[in-house]
Amino acid sequence: VRQADNQDAFVHLVRAAACAELVDAVADIRWNNKGDATATRDRIAAILDAHAIEAADAGEDLRADQFDQLRTALARDIGARSAGLARGYRYTPRATEPSLVIAQRLHGFGRTMESQADAIVAMNGVRHPGFVPGGAALDIVADTTGSAVRYG
C-alpha cells in the first residue's frame with residue numbers, strides 16, 4: 001500500500017512539474033495575432049483541465065486545485081499579453097500569385113499594403129514573395145487600420 005501511495009505521489013509530482021514548466025514556457029511565446037494566442041490557451045487549458053478532473057475524481061482536491069491554479073495563471077497571462085494583438089484569420093488563394101496581390105485583395109491599396117505582404121510571407125514561411133502557392137490556407141493578420149477586409 002505504501003509503495004502504491006509513493007508511486008501515485010511521484011506520478012503527480014512529475015505531472016504537476018511538467019504542467020508548471022509548460023505554463024512557464026508559454027510565457028516566452030510572442031504571438032502575431034490573437035487567434036494563435038487563443039488556440040494555444042485552449043489547447044493547454046484542456047490538458048490542465050483533464051489532469052484536474054482526474055485528480056478530483058480520485059478525491060484529491062488539493063491536487064486538482066494545483067492544476068486549476070495553473071490554468072488560471074495561464075489564462076490571465078495569455079489574456080493580458082494578447083489583448084493588443086490584431087485578430088488573425090485564414091485565407092486560401094485560388095491560384096499561385098504574389099504576396100502583394102494577396103495583400104491588396106484583402107486589405108486594399110494603402111500605406112500598409114507592403115507591410116501586409118511582408119507579414120504574409122513571414123508568417124507562412126513563403127519561399128519567394130512573388131509566388132505564394134494557391135490552394136493552401138494562409139495565416140493572415142487582420143488590417144488594424146480600420147479598413148474593410150475584402151475577399152476576391
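Buried residues are those under 20% relative accessible area, exposed residues those over 50%, and partly exposed residues those in between. These legends describe a predicted model, and the terms just given apply to each close-up.

**Figure 1. Overall fold of the predicted model, with five helices and two strands.** Followed along the sequence, the elements of the protein come in the order α-α-α-β-α-α-β. The C-alpha trace spans about 70 × 25 × 25 Å along its principal axes, and the radius of gyration is 22 Å, whereas a compact globule of 152 residues would have one near 15 Å. Of the 152 residues, 30% count as buried. Among contacts with a separation of 6 or more, 73% come from residues 24 or more positions apart.

**Figure 2. The salt bridge between Asp8 and Arg63.** The closest N and O atoms of Asp8 and Arg63 are 2.8 Å apart, and this pair links distant parts of the chain, since Asp8 belongs to helix α1 (residues 2-26) and Arg63 to helix α3 (residues 61-82), 55 residues apart. Asp8 has a relative accessible area of 37% and is therefore partly exposed, whereas Arg63, with a relative accessible area of 17%, is buried. In general, side chains of opposite charge can pair when their charged atoms come close. Across the protein, the count comes to nine salt bridges.

**Figure 3. The salt bridge between Glu54 and Arg15.** The side chains of Glu54 and Arg15 meet with an N to O distance of 3.0 Å, and the pair again links distant parts of the chain, with Glu54 in helix α2 (residues 34-57) and Arg15 in helix α1, 39 residues apart. Glu54 is partly exposed, at a relative accessible area of 41%, and Arg15 likewise counts as partly exposed, at 31% relative accessibility.

**Figure 4. A salt bridge within helix α3, and a network of shared partners.** Asp77 and Arg81 form a salt bridge in which the closest N and O atoms are 3.0 Å apart. Because these two residues are four residues apart in helix α3, about one helical turn separates Asp77 from Arg81. Asp77 counts as partly exposed at 24% relative accessibility, as does Arg81 at 27%. Elsewhere, Asp8, Glu60 and Arg63 are joined into one network by salt bridges that share partners.

**Figure 5. Packing of helix α1 with helix α3.** The axes of α1 and α3 come within 10 Å and cross at roughly 5 degrees; angles under 35 degrees count as roughly parallel, and α1 and α3 are therefore roughly parallel to each other. The contact is made by residues of α1 including Asp8, His12, Arg15, Cys19 and Val23, and by residues of α3 including Arg63, Gln66, Phe67, Leu70 and Arg81. By class, this contact of α1 with α3 has 10 nonpolar, two polar and four charged residues. His12, found in helix α1, is buried, with a relative accessible area of 14%. Leaving aside residues up to four places away in sequence, His12 touches Arg63, Gln66 and Phe67.

**Figure 6. Packing of helix α2 with helix α3.** The helices α2 and α3 pack at an angle of about 175 degrees, with their axes 8 Å apart, which makes α2 roughly antiparallel to α3. Among the residues that meet here are Lys34, Arg41, Ile44, Leu48, Asp49 and His51 in α2, and Asp61, Arg63, Phe67, Asp68, Arg71 and Ser82 in α3. By class, the contact of α2 with α3 has 13 nonpolar, two polar and seven charged residues.

**Figure 7. The surroundings of Pro133, in the loop between α5 (113-124) and β2 (138-141).** Pro133 counts as partly exposed, at 42% relative accessibility. Although Pro133 and Ala95 are 38 residues apart in sequence, their C-alpha atoms are 6.7 Å apart in space. When residues up to four places away in sequence are not counted, Pro133 touches Pro93 and Thr96.

Conventions
Residues are numbered from 1 along each chain as its sequence is written. This is a predicted model: local features need pLDDT of at least 70, side-chain atom pairs count only at pLDDT 80 or more; totals for chains, interfaces and linings use all residues. Side-chain values use heavy atoms; hydrogens and water are left out. A salt bridge is a side-chain nitrogen of Lys or Arg within 4 Å of a carboxyl oxygen of Asp or Glu. Buried means under 20% relative accessible area, exposed over 50%, partly exposed in between (1.4 Å probe, protein chains only). Contact means heavy atoms within 4.5 Å. Axes are lines fitted to C-alpha atoms, for helices over the stretch in contact, and angles run from 0 to 180 degrees between N-to-C directions. Angles under 35 degrees count as roughly parallel, over 145 as roughly antiparallel, 65 to 115 as roughly perpendicular and the rest as oblique. Ala, Val, Leu, Ile, Met, Phe, Trp, Tyr, Cys and Pro count as nonpolar, Asp, Glu, Lys and Arg as charged, and the others, Gly among them, as polar. The radius of gyration is taken over C-alpha atoms; the globule rule is 2.2 Å times the number of residues to the power 0.38.
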